[in-house]
Amino acid sequence: MSSPTGPAPGLPVRMPRPRQSGRHRRPEPVAAPEGAPTLVLAMPGVPSTEVRNLGEEVVSIARSELPGLDARIGYLDGDDDEYPALGTVLAHTAEQRVERYELAKAAGREVSEPDGISAVVVPLLAGPDNSLVRRIRQAVVDSKAVAEMTEVLGPHPLLAEALHVRLSEAGLARADRARLFTVATAADGIILATVGGEEAVQAAGITGMLLAARLAVPVMAAALDDEGAVAAIAEQLRESGSTQLALAPYLIGPELPGGLLDIAIKEADCAASEALGAYPAVGKLVLSQYTSALGISAQTQAPAH
């Protein structure tokens with residue numbers, strides 16, 4: 001029993017847990033540096049409420065990984081009203097930076113004059129699409145803002161993970177890497193569908209190899225915008241012994257031209273998973289491109305061991 005003055009003699013006393021140390025110590029939260037450039041997510045495709053929601057979710061993931069991050073969305077085909085165009089967002093970001101400096105100076109604060117880039121533009125593209133990348137780059141130039149544009153998000157192991165999850169959500173792959181249970185509808189051959197021509201297919205093929213290692217089934221990439229390419233890959237997989245195919249879009253979603261995916265699914269005569277969308281890894285890769293451009297690192301909290 002315990003007494004009013006504390007636990008009875010002989011009973012254990014609960015002590016405060018000491019701070020964890022060593023290689024499994026949880027990293028301290030990292031925040032965006034004060035005055036850091038704005039992360040501007042370059043959103044391809046036709047603007048819509050669905051596209052905006054996707055972009056906002058991706059940006060939310062990035063902010064959760066790096067508190068204090070100033071992140072905005074610029075639409076490649078925006079109308080400057082409901083969906084602000086990329087160039088407009090960049091120009092506005094540069095203007096606000098100067099305004100903040102002038103206000104701080106007028107208030108008597110000791111601040112440095114704005115220097116360096118005002119924004120880092122990250123294309124929301126899983127793989128290279130030269131036509132879209134050129135348009136994004138031109139919008140950056142036309143904005144007259146001092147901004148840096150990063151590479152696209154892939155190829156990357158995290159995108160292989162995202163593809164795996166999307167396939168498992170559609171019942172087309174095992175959810176675990178250890179293959180501890182079976183899925184009756186699991187595919188034994190995957191068509192990795194992309195857009196952007198041969199360069200995009202080659203980049204998708206790299207992520208495809210990582211996906212093949214996870215699923216232990218053959219994975220081959222094909223371009224949706226190359227007529228007959230998906231059907232040809234489907235035939236090649238079937239000739240090599242695959243009998244149950246699945247099509248996995250190696251795409252975020254907005255960059256996909258309308259109707260192309262449905263046509264490809266019909267040509268390949270197989271089931272398909274959803275596009276990558278706002279899978280958490282997409283937001284993390286967007287942030288990774290931003291922090292790499294600035295030479296900083298954003299540490300996320302490690303799981304407890």
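A residue is called buried here when its relative accessible area is under 20%, evaluated with a 1.4 Å probe and with protein chains only. With that cut-off in hand, the reader can turn to this predicted model, in which buried residues make up 44% of the 305 residues of the protein chain.

The secondary structure of the chain consists of 8 helices and 10 strands. Among the contacts with a separation of 6 or more, 75% are accounted for by residues 24 or more positions apart. The chain exposes about 16,300 Å², and carbon and sulfur atoms contribute 51% of that area.

Against this background, strand S9, covering residues 245-249, deserves a closer look. Because 5 of its 5 residues are buried, S9 is largely enclosed by the rest of the structure. The side chains of the strand can be followed in two directions: Leu245, Leu247 and Pro249 point one way, while Ala246 and Ala248 point the other way, and all of these residues are buried.

What, then, does S9 pair with in the parallel sense over 2 bridges? That partner is strand S10, residues 271-272, where Ala271 is the bridge partner of Ala246. S9 is also joined to strand S7, residues 189-194, by 5 bridges, and these two strands likewise run parallel; within this pairing, Ile191 stands opposite Leu247 of S9.

The connection from S9 to S10 can be traced as well, since S9, helix H7 (residues 260-268) and S10 together form a β-α-β unit that is right-handed.

Terms used. Residues are numbered from 1 along each chain as its sequence is written. This is a predicted model: local features need pLDDT of at least 70, side-chain atom pairs count only at pLDDT 80 or more; totals for chains, interfaces and linings use all residues. Side-chain values use heavy atoms; hydrogens and water are left out. Helices (H or I, at least four residues) and strands (E, at least two) are DSSP runs, numbered from the N terminus. Buried means under 20% relative accessible area, exposed over 50%, partly exposed in between (1.4 Å probe, protein chains only). Contact means heavy atoms within 4.5 Å. Accessible areas come from the Shrake-Rupley method with a 1.4 Å probe; for residues, only the protein chains shown count as cover. Two strands pair if DSSP finds at least two bridges between them. A crossover is right-handed if, with the strands pointing away from the viewer, the path from the first strand over the helix to the second runs clockwise.
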